[in-house]
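Trainee: Could you take me slowly through one part of this model, the turn between the early helices, and then show me how the helices around it pack?

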Amino acid sequence: MTDGPANASETFLTLLSAHAGMLDRFLQHQEALLAQDFGRALERLLETRREFEQHVRAEEELFPRLFADNEVQGTPLDLFTGEHKHLRELLTAFESATRRLDRADPAVMRRLIELIEEEALWKSFFLHHDERERNLLYPAFDRGTADAGRQELLSRFHA
Ligand SMILES: [Fe+2]
Ligand SMILES: [Fe+2]
């Protein structure tokens, strides 16, 4: 292992902006929920999930290449894949709940409140995940790829 990259533009940390993008997309979904535009709310949610899946796939593909012992600085990689799984399951549940929303339903406002409250959990969980990756995983990505074609690996995130 060597020190991190000299050029900040080459660091994996810049890719964490993808997290901000996903969060923004998720907020667009919630804005559409509040406007009771459920078609748009579903669209934005599906986009959030697509971005999430692409990002997570790129992250998890790096694990076996960089961390042969299945851990990063004493933290098991299962922690990250477990969080991905949990975040994914929640998004799937929100999709079902969004699909069930119907403006003609007399209880629609209560269902909306329930959904938005459940979604608040996803947001706080996602922010914890971001923090853990920012402090632990991404710096390790940088160290682990100092001599191993970082640019090639970085390009996968943009694919
Ligand atoms: Fe991430
Ligand atoms: Fe992640």
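**The turn and the helices around it**

Mentor: Gln36 sits in the loop between helix 1 and helix 2. Helices here are DSSP runs of H or I with at least four residues, strands are runs of E with at least two, and both are numbered from the N terminus. Before we go on, this is a predicted model, in which local features need pLDDT of at least 70, side-chain atom pairs count only at pLDDT 80 or more, and totals for chains, interfaces and linings use all residues. Residues are numbered from 1 along each chain as its sequence is written, while chains are lettered from A and ligands numbered from 1 in the order in which they are written.

Back to Gln36: its phi is near 55°, a positive value in a residue other than glycine. Gln36 counts as partly exposed because it has 13 C-beta neighbours inside 10 Å. The scale works like this: 20 or more other C-beta atoms within 10 Å of a residue's own make it buried, 12 or fewer make it exposed, and anything in between is partly exposed, with the C-beta atoms placed from the backbone.

Look next at Leu34, which belongs to helix 1 (residues 17-34). Leu34 has 10 other C-beta atoms within 10 Å, so it is exposed. Leu34 and Leu112 are 78 residues apart in sequence, yet their C-alpha atoms are 7.8 Å apart in space.

On to helix 2 (residues 38-66), whose axis comes within 10 Å of that of helix 3 and crosses it at roughly 165°. Axes are lines fitted to C-alpha atoms, for helices over the stretch in contact, and angles run from 0 to 180 degrees between N-to-C directions. Helix 2 and helix 3 are therefore roughly antiparallel to each other; angles over 145 degrees count that way, those under 35 as roughly parallel, 65 to 115 as roughly perpendicular and the rest as oblique. The crossing of helix 2 and helix 3 is left-handed, meaning that the near helix is turned anticlockwise from the far one by less than a right angle, whereas clockwise would be right-handed. Helix 2 brings Phe38, Ala41, Leu42, Leu45, Thr48, Arg49, Phe52, Val56, Glu60 and Phe63 to the contact, and helix 3 brings Leu77, Thr81, His84, Leu87, Leu91, Phe94, Glu95, Thr98 and Arg99. Two residues are in contact if their C-beta atoms, placed from the backbone, lie within 7 Å. By class, the residues of the contact of helix 2 with helix 3 come out as 11 nonpolar, 4 polar and 4 charged. Nonpolar covers Ala, Val, Leu, Ile, Met, Phe, Trp, Tyr, Cys and Pro, charged covers Asp, Glu, Lys and Arg, and the others, Gly among them, are polar.

Helix 3 (residues 77-100) also meets helix 4 (residues 108-144), with axes that come within 11 Å and cross at roughly 155°. Helix 3 and helix 4 are therefore roughly antiparallel to each other too, and their crossing is left-handed. Here helix 3 uses Phe80, Glu83, Leu87, Leu90, Phe94 and Ala97, against Leu115, Glu119, Trp122, Phe125, Phe126, His129 and Leu137 of helix 4. The contact of helix 3 with helix 4 divides into 10 nonpolar, 1 polar and 2 charged residues. One of them, Ala97, is partly exposed, with 17 other C-beta atoms within 10 Å. Ala97 and Arg156, 59 residues apart in sequence, are 33 Å apart, C-alpha to C-alpha.

Now follow helix 2 out of its other end, into the loop before strand 1 (71-72), where you find Asp69. With 7 other C-beta atoms within 10 Å, Asp69 is exposed. The C-alpha atoms of Asp69 and Asp105 are separated by 53 Å, with their positions 36 residues apart along the chain. Asn70 lies in that loop between helix 2 and strand 1 as well. Asn70 is not a glycine, but its phi is positive, about 65°. Asn70 counts as exposed because it has 10 C-beta neighbours inside 10 Å.

To set all this in the whole protein, there are 5 helices and 2 strands, running α-α-β-β-α-α-α from the N terminus on. The C-alpha trace spans about 60 × 25 × 20 Å along its principal axes, and 14% of the 159 residues count as buried. As for confidence, pLDDT (the predictor's confidence in each residue, from 0 to 100) averages 90, and 92% of the residues score at least 70. Over residues 1-6, though, pLDDT stays under 50.
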